Amino acid sequence: MTHLADLPVWAAIPVALFLLLGASLALIGSIGFVRLRSFYERVHAPTLGTSLGIGFVLLASMLCFTVLQSRPALHEILIGVFMVVTTPITLMLLARAALYRDRSEGSDDVPAAPPAQTTAQATAPSAPDAAPPV
């Protein structure tokens, strides 16, 4: 048996709403993952759904266990921080690896690499009204 029967109604309603909202966002991310065509489009939908969806699920968990245990349950904040930090980094690494692979294979689906700058171009002033060096 669970102790959720002891959860008061005033806390059960927001917990249920937060869980439904988080699950809905995760569902939207999953649908986007299935419906989008290319890898570069597919990688965004689950990432956004996960980031915001997990926030609402963790908020529901914090509220539920804070009320049931009569003390603040803050360990979910650590889980949220790890999710918010690692999900975008994983997205960036996956996208860059796929971009590198597609460019090295000569795929037409990705833009060409920008032209390499020489040292003189990189150090030149970018504004046309900038004063020349003395």
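**Exercise 1. Place Thr-47 in the fold and decide whether it is buried or exposed.**

Step 1. Thr-47 is found in helix α3. Helices here are DSSP runs (H or I, at least four residues; strands are E, at least two), numbered from the N terminus. The model is predicted: local features need pLDDT of at least 70, side-chain atom pairs count only at pLDDT 80 or more, and totals for chains, interfaces and linings use all residues. Residues are numbered from 1 along each chain as its sequence is written, and side-chain values use heavy atoms, with hydrogens and water left out.

Step 2. Apply the cut-offs: buried is under 20% relative accessible area, exposed over 50%, partly exposed in between (1.4 Å probe, protein chains only). Thr-47 has a relative accessible area of 13%, so Thr-47 is buried.

Step 3. Look for partners. Contact means heavy atoms within 4.5 Å. Not counting residues up to four places away in sequence, Thr-47 touches Thr-87 and Leu-91. Leu-91 is 44 residues from Thr-47 along the chain, yet their C-alpha atoms are separated by 7.1 Å.

**Exercise 2. List the residues of the largest nonpolar core and find which element gives the largest share.**

Step 1. Fix the rule: a nonpolar core is a set of buried Ala, Val, Leu, Ile, Met, Phe, Trp, Tyr and Cys residues joined through side-chain atoms within 4.5 Å.

Step 2. The largest such core has six residues: Leu-7, Ala-11, Val-15, Ala-60, Cys-64 and Val-67. Two or more residues of this core come from each of α1 (9–35) and α3 (44–69). The largest share, three residues, is from α3.

Step 3. Check Leu-7. Beyond its neighbours within four places in sequence, Leu-7 is in contact with Ala-12, Cys-64, Val-67 and Leu-68.

**Exercise 3. Classify the aromatic pairs.**

Step 1. Rings of Phe, Tyr and Trp (its six-membered ring) pair if their centres lie within 6.5 Å; planes under 30 degrees apart are stacked, over 60 edge-to-face, the rest tilted. The count is two aromatic pairs.

Step 2. Phe-18 and Phe-56 have ring centres 6.2 Å apart and planes at 25°, so they are stacked. Phe-18 lies in helix α1 and Phe-56 in helix α3, so the pair ties together parts 38 residues apart in sequence.

Step 3. Phe-39 and Tyr-40 have ring centres 5.7 Å apart and planes at 80°, so this pair is edge-to-face. Phe-39 is partly exposed, at 35% relative accessible area. Tyr-40 is partly exposed too, at 23%.
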